[in-house]
2 protein chains.
Amino acid sequence: MTSSTVEDYLKCIYLIQTRSTDPISTGLIASQLKVAPGTATAMMKTLSESGLITYEPYRGVRLTQAGSKLAAHVLRRHRVIELFLVEVMGLNWSDVHSEAELLEHAVSELVLDRMDEMLGRPSVDPHGDPIPSPRGVLREKEYPSLISCPLGGLLKVVRVTDQSANFLRLLERHGIMPGKEVEIASREDAADSVIVRSSSGKALHLGFRPAASILVEPGE
Amino acid sequence: MTSSTVEDYLKCIYLIQTRSTDPISTGLIASQLKVAPGTATAMMKTLSESGLITYEPYRGVRLTQAGSKLAAHVLRRHRVIELFLVEVMGLNWSDVHSEAELLEHAVSELVLDRMDEMLGRPSVDPHGDPIPSPRGVLREKEYPSLISCPLGGLLKVVRVTDQSANFLRLLERHGIMPGKEVEIASREDAADSVIVRSSSGKALHLGFRPAASILVEPGE
DNA sequence: TACCAAATTTTGACATGTCAAAATATTACA
DNA sequence: TGTAATATTTTGACATGTCAAAATTTGGTA
Ligand SMILES: [Mn+2]
Ligand SMILES: [Mn+2]
Ligand SMILES: [Mn+2]
Ligand SMILES: [Mn+2]
C-alpha cells in the first residue's frame with residue numbers, strides 16, 4: 001500500500017515534529033532525506049492528496065492523524081528492529097541504524113511482534129530512543145544532556161541522539177552507552193569543551209555539539 | 001545496485017534452470033512472476049544488457065555466470081531467512097515463504113551471516129530445499145517422491161516442493177514434514193490417488209500432483 | 001514601500017517497472 | 001508446404017520517484 005519512500009518521508013516529518021510543533025518546511029525535509037528541494041515539494045503534494053499531511057505551499061506541512069499513526073508504526077518497526085539486531089543478532093549499536101533503515105519496510109506485523117515479544121516488550125532502542133507503542137503512541141522523556149546537566153556527581157547515560165556510526169563507535173570504546181555511568185570532569189563554554197570520565201577510567205574530550213547529544217539522568 | 005525486481009527475475013530463472021538445462025521462455029517467466037508477457041520481455045532486454053543473461057528473441061534465456069551467482073545469493077538469503085523465521089522466531093513453515101520473499105531484498109550480508117551462524121550453517125531450509133553455499137553453489141540431491149518411491153516400508157520425508165500455505169498447513173496437521181516418517185498405505189494410478197499414513201496415525205488421501213511434491217528417502 | 005536574497009515551487013526531463021493491445025514470429029498440422 | 005493457432009515482441013501509455021534549472025513567492029532591509 002504505502003511505498004517505502006512514502007514511509008521514509010512520513011517518518012522524517014514525524015521525527016522533526018517530535019522536537020517542535022510549528023509547520024515543517026519542505027527544504028528541511030529535502031535536506032534530511034538528501035533529495036532535491038523540488039523532489040520534496042512533489043512528494044508533499046502526493047502525501048497531501050493521500051490525506052497523510054496538511055500542506056500549505058510556502059508555509060510548510062503537518063502530519064494528519066492518519067499520517068502520524070503510520071509514521072509512528074514505521075518508527076516503531078525501526079527501533080524494535082535495531083534492538084533485535086543488537087540483542088538477538090549481536091550486531092554493534094553503531095551498525096544497526098542503516099540496517100533498520102531498510103528492514104523497517106520489509107518486516108511484517110507478525111515478525112515484528114515476535115521480535116517485540118522476544119525482547120520483552122522493550123520501551124527503548126539501543127540508543128535510548130523511545131519505542132512507539134503498538135498503538136502508535138510515543139512517550140518522549142525530557143533529559144538533560146552533558147552540556148545542560150548539573151556538574152559534579154555520577155550521571156547515568158540514558159540516550160545518545162547523534163547516530164553517526166563513527167561517533168557511536170568512539171563512545172563505545174570509552175564505555176559510554178545507555179545504562180553506563182559517567183562524570184563530567186570539566187566543562188568550559190568559552191572553549192567549547194566538555195571532558196567526560198567514564199567508568200572505563202579514560203577521559204574523553206568532546207565539543208559541545210556531540211556532548212549535547214548525550215542525554216543523562218542526574219545521579220540517584 | 002540490483003533492484004529487488006531484478007533479484008526476483010534472476011531467482012525465478014535460476015529456479016527454473018535447476019530443473020532443466022534448455023533455454024527458458026519469457027512466457028514461463030512471466031507466468032511465474034505474474035506479470036504480463038511483454039513486461040518479462042522488456043526485463044529480458046535489461047538483464048541481457050547488464051550481462052546477467054543471454055537472450056535470443058523467440059528462443060529463450062539463460063543465466064550467465066554473473067547472473068547465476070547473483071541469483072544463487074538471493075536464493076541463499078531467501079532460504080536462510082525462512083529457516084531463521086522458523087527456528088529462531090517461531091513462525092510456521094507455511095508462512096515463511098511470503099515473509100522471505102520481501103526480506104531477501106533487505107537483509108545485508110552481515111545480518112545474513114549472523115543468521116547462518118546462529119542456525120549452525122544449515123544445508124536445507126524448513127521445506128527441505130537446499131541452501132546455496134556462501135560461494136553460490138547449490139547441491140540439489142535427487143530424491144524419489146510419494147509417487148515414484150517403492151511401496152512398503154517406512155519413508156523419511158526430506159523435502160516438500162509445493163510451497164502453497166494451505167497445503168503445508170494440511171501436511172503439518174498430519175505430521176508430515178521433513179524429518180518425519182510416513183508409509184504409503186496404497187497407491188493407485190488409475191484413481192490418481194495416494195494414501196499416506198504418518199506417525200500421527202492418521203491416513204491422508206492425496207492426488208498425484210500433491211503427492212509428487214513430497215520427496216522421501218526410502219527406509220534405511 | 002520597494003527591492004533583494006533566500007527559500008520554494010514549477011517545469012521539463014529521465015529511469016524503472018508495469019499493462020493492454022497491435023504486430024510479428026514460430027510451430028504444429030492439415 | 002501452406003495456414004492457422006499460439007507464443008513472443010513491439011508499441012504507446014501510465015505510475016512513481018528523482019534531478020536541474022527556471023519561475024515564483026516570501027520576508028527582511030534599505
Ligand atoms: Mn527507511
Ligand atoms: Mn536508534
Ligand atoms: Mn522477492
Ligand atoms: Mn523454502
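User: Hi! Which helix gives the most to the surface near DNA strand D?

Analyst: That is helix 3 of chain B, with 4 residues. Helices here are DSSP runs of H or I with at least four residues, strands are runs of E with at least two, and both are numbered from the N terminus. A residue is near a molecule or strand if one of its heavy atoms lies within 4 Å of it.

User: Before we go on, what sort of model is this?

Analyst: It is a predicted model, where local features need pLDDT of at least 70 and side-chain atom pairs count only at pLDDT 80 or more, while totals for chains, interfaces and linings use all residues. Residues are numbered from 1 along each chain as its sequence is written, chains are lettered from A and ligands numbered from 1 in the order in which they are written, and side-chain values use heavy atoms, with hydrogens and water left out.

User: Thanks. Back to DNA strand D: how many residues surround it?

Analyst: There are 20, and the closest are Ser3(A), Ala36(A), Thr39(A), Lys45(B) and Tyr55(B). Of the atoms of DNA strand D that come within 4 Å of the protein, 85% belong to sugar and phosphate.

User: Which elements supply at least two residues each there?

Analyst: Chain A brings helix 1 (4-19) and helix 3 (37-49), and chain B brings helix 2 (26-33) and helix 3 (37-49).

User: What polar atoms sit by the phosphates of DNA strand D?

Analyst: An N or O atom in the side chain of Lys45(B) is 2.4 Å from a phosphate oxygen. For the side chain of Tyr9(A), the distance from an N or O atom to a phosphate oxygen of DNA strand D is 3.2 Å. Ser25(B) has a polar side-chain atom 3.5 Å from a phosphate oxygen of that strand.

User: And what are the closest residues to DNA strand C?

Analyst: They are Lys45(A), Tyr55(A), Ser3(B), Ala36(B) and Thr39(B), out of 20 residues that surround this strand. Sugar and phosphate make up 84% of the atoms of DNA strand C that come within 4 Å of the protein. An N or O atom in the side chain of Tyr55(A) is 2.3 Å from a phosphate oxygen of DNA strand C, and one in the side chain of Thr26(A) is 2.9 Å from a phosphate oxygen. Helix 3 of chain A gives the most to the surface near this strand, with 4 residues.

User: New topic: how does chain A lie on chain B?

Analyst: A turn of 180° and a shift of 0.0 Å along the axis lay chain A on chain B with an RMSD of 0.0 Å. The two copies are therefore related as by a two-fold rotation axis. Superposition is by least squares on the C-alpha atoms of residues with pLDDT of at least 70 in both copies.

User: Which residue of chain A comes closest to that axis?

Analyst: Ala106(A), whose C-alpha is at 3.3 Å. The same surface serves both copies, with 100% of the contact residues of chain A recurring in chain B. Contact means heavy atoms within 4.5 Å.

User: Which residues of helix 5 of chain A are buried?

Analyst: In helix 5 (residues 96-103), they are Val96(A), Glu99(A), Ala100(A) and Leu103(A). Seen down the axis of helix 5 of chain A, they fall within an arc of 95°, so they line one face of the helix. The arc is that of the directions from the helix axis to the C-beta atoms. Buried means under 20% relative accessible area, exposed over 50%, and partly exposed in between, using a 1.4 Å probe on protein chains only.

User: What covers those buried residues of helix 5 of chain A?

Analyst: The cover includes helix 4 (65-87) of chain A, plus helix 5 (96-103) and helix 6 (109-118) of chain B.

User: What are the protein donors of the manganese ion (ligand 1)?

Analyst: Asp8(A) (OD), Glu101(A) (O), Glu101(A) (OE), Glu104(A) (OE) and His105(A) (NE2), lying 2.0 to 2.3 Å from the ion. Donors are N, O and S atoms within 2.8 Å of the metal (3.2 Å for Na, K and Ca); water is not among the atoms, so sites may look incomplete. Glu104(A) is buried, with a relative accessible area of 0%.

User: What coordinates the manganese ion (ligand 2)?

Analyst: Glu82(A) (OE), Asp125(A) (OD) and His127(A) (ND1) do, at 2.2 to 2.3 Å. Both Asp125(A) and His127(A) are buried.

User: Last one: is Lys34(A) buried or exposed?

Analyst: Exposed, at 76% relative accessibility. Lys34(A) lies in the loop between helix 2 and helix 3 of chain A, and has a positive phi of about 55° although it is not a glycine. Most residues other than glycine have a negative phi.

Key:
Polar contact = N/O pair within 3.5 Å; in protein donor to acceptor, adjacent residues only side chain to side chain.
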